[in-house]
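Please open the model in a viewer and keep the sequence panel beside it. The tour below proceeds by selection, with a short account of what each selection shows.

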Amino acid sequence: MAVATGTAVALALGFVVVVLDDGGTPAQAASACVAPGTRATSSAAPVAGSPVAGFDAEQMKNAAAIMKAASDLGLPVAAQLMGVQASIGESTLRVMDFGDGAGPDSRGLFQQRANGAWGSYEDRMDPHISSTNFFKALQRLEGWESLEPTIAIHRAQRNSDPNHYTQFRPKATEIVKALGGEAVALVDPSGVCPAAGNEVGGDLAGKWVRPMADAINTSGYGTRAAPAGTAGGVLANFHYGIDFATPGHAGTIVAITDMKIVKVRNLDGLFGTGVTGQTTDGKLTVGMYHMEAGSVRVKEGDTVAAGTPLGTEGATGNVTGRHLHMEFFAGALPNPMIPINATIDPTPILKEKGIL
C-alpha cells in the first residue's frame, strides 16, 4: 500500500529526513549509522516510501509523524523504532478517539490518558504533539537507550504488561525502514545500523586459540528462532554473537587472542558474568558472557596473552543452558552493549584464524 500523498522521505548524508506537507522544515534524525552530533547540510530529492503489508496510507503517514517528532528532538533511529512500536501496540498507528476498559479516557496514537501528564485532548489527538510527549517521557527514563525496547516503552506508557510491545517490533522495523529508505536500509531490530567502515580489515595481531578446549560451536551469528525460555525483545530472534559449549562438563574459557580486559561483569542482567577485552591492535572488541558466577580470573586493566584463563563456562544471565556466548565489535570500545553498539559477524574472523 502506498504512503499517503504528501508524505515523502528524502535522503541526505546517512540521515533519515522525513518531510511532511505541513509547511514545516524538514527534520533530520540522527541514525545509528552516523557519528553523534553530525548534521546533514545538503538535501536530496524525495523518494517514495516502500509499502508494508497490513498498513495503509493513513497508518504510514502517522508513522512518519512519529519519526519526525523523534527527529525534531534530535533522537536516533532507535527511538523512532520505539515510537512506532509503541503506537502499533496502542492504536495500530491510528488516531483513535476512544479508549478501552482499562482506560476509557485514552486517546490518540499512544492512547494517552486524560490525567494531565499528556496534555489536552487536542494534544493527545495531534500525531506530532502526542508523539513528542511520548518521546519526552521516554527521555526522562534513565538509561532508556540500553533498556529492552518493550521495557522502555512500558515505563514511559505505564501500562500493565511490560512485554506487550515485543510482538510489534518486527513490523515497526519494517515501517521505519520503508519510510527511511536507503539511509536505514541496514538497520536491524535493535535500532543499530552498521556504520560505513564498521568492519575489521587486515590481519589481526597476535596468536589466536579456541575459546575452550574441546568445545563445539552450538549456535552461529544471525537470524534464528528464539530458543525456548529466552527473554523476548530485540535479542530474541537475532543472535548477536556466536556460541560454544563443552560437552559433558564446564570448560575453561580463555582469551582467544592477546587482549586488554576493559570490562568485568558480575551477574549483570542478560550478560550474566563475563569479561570484555580489546585486541592489542585496537581493531576488535570481544565480549565473552554467561560464565559461572565468581569464576572470573582477570581484572579490568589487565593485559593477557592468548590462552590465558578468563573464567569457567556457565549459565548466568539470559540463557537456557551452559555455554559461552561471544560478541564481536569493530574497534576499541570500553563497554559495548546491544542495542547501543553494532556487532559484527565473528564467523569469517574465526574461520580465518582456524578456530571454526
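Helices here are DSSP runs of H or I with at least four residues, numbered from the N terminus. The model is a predicted one.

**First stop: a loop residue and its neighbours**

Begin with Thr-92, which is found in the loop between helix 2 and helix 3 (121-125). Its phi is positive, about 50 degrees, although Thr-92 is not a glycine. With a relative accessible area of 41%, Thr-92 is partly exposed.

Next select Ser-87, a residue of helix 2. Is Ser-87 buried or exposed? Its relative accessibility is 0%, so Ser-87 counts as buried. Beyond residues up to four places away in sequence, Ser-87 touches Ile-66, Thr-92, Leu-93, Leu-109 and Phe-110.

**Second stop: the nonpolar cores**

Now display Leu-93 with its surroundings. Setting aside neighbours within four places in sequence, its contacts include Phe-55, Asn-62, Ala-63, Ile-66, Val-84, Ile-88 and Ile-175. Leu-93 also belongs to the largest nonpolar core, which has 38 residues. Leu-93 is among the residues with the most contacts inside that core, and the others so listed are Val-84, Ile-88, Phe-134, Phe-135, Leu-138 and Ile-175. To see where the core comes from, colour helix 1 (57-72), helix 2 (77-91), helix 4 (127-139), helix 5 (149-157) and helix 6 (169-180); each supplies at least two of its residues. Another core, of 27 residues, lies apart from this one, and Met-259, Ile-261, Val-286 and Leu-350 are among its members.

**Third stop: helix 1 against helix 4**

Show helix 1 and helix 4 alone. Their axes are 8 Å apart, and the two helices pack at an angle of about 50 degrees. Helix 1 is therefore oblique to helix 4. The crossing of helix 1 past helix 4 is right-handed. For the side chains at this interface, select Asn-62, Ala-65, Ile-66, Lys-68, Ala-69, Ala-70 and Asp-72 in helix 1; these meet Pro-127, His-128, Ser-131, Thr-132 and Phe-135 in helix 4.

Then move along to Arg-158, in the loop between helix 5 and helix 6. Arg-158 is a residue other than glycine with a positive phi, near 60 degrees. At 55% relative accessibility, Arg-158 counts as exposed.

**Fourth stop: the sheet**

Turn to the strands. Seven of them form an open sheet in the order 4-7-14-11-10-9-12, with antiparallel pairing. Which strands stand at the edges? They are strand 4 and strand 12 (303-304); each has a single partner strand, so one side of each lacks a neighbour in the sheet.

Select strand 7 (residues 242-245) and inspect its side chains. Ile-242 and Phe-244 point one way, Asp-243 and Ala-245 point the other way, and all are buried. In a regular strand, side chains alternate between the two faces of the sheet.

Strand 7 can then be followed to its partners. With strand 4 (residues 216-219), strand 7 pairs in the antiparallel sense over three bridges, and Ala-245 of strand 7 stands opposite Ile-216. With strand 14 (residues 324-330), strand 7 again pairs in the antiparallel sense over three bridges; there, Met-326 is the bridge partner of Ile-242.

Finish with strand 9 (residues 259-268) and strand 10 (residues 272-279), an antiparallel pair joined over seven bridges. Within this pair, Ile-261 stands opposite Gly-277 in strand 10. Ile-261 was met earlier, as a member of the core of 27 residues.

Note on methods:
Residues are numbered from 1 along each chain as its sequence is written. This is a predicted model: local features need pLDDT of at least 70, side-chain atom pairs count only at pLDDT 80 or more; totals for chains, interfaces and linings use all residues. Side-chain values use heavy atoms; hydrogens and water are left out. A nonpolar core is a set of buried Ala, Val, Leu, Ile, Met, Phe, Trp, Tyr and Cys residues joined through side-chain atoms within 4.5 Å. Buried means under 20% relative accessible area, exposed over 50%, partly exposed in between (1.4 Å probe, protein chains only). Contact means heavy atoms within 4.5 Å. Two strands pair if DSSP finds at least two bridges between them. Axes are lines fitted to C-alpha atoms, for helices over the stretch in contact, and angles run from 0 to 180 degrees between N-to-C directions. Angles under 35 degrees count as roughly parallel, over 145 as roughly antiparallel, 65 to 115 as roughly perpendicular and the rest as oblique. A crossing is left-handed if the near helix is turned anticlockwise from the far one by less than a right angle, and right-handed if clockwise.
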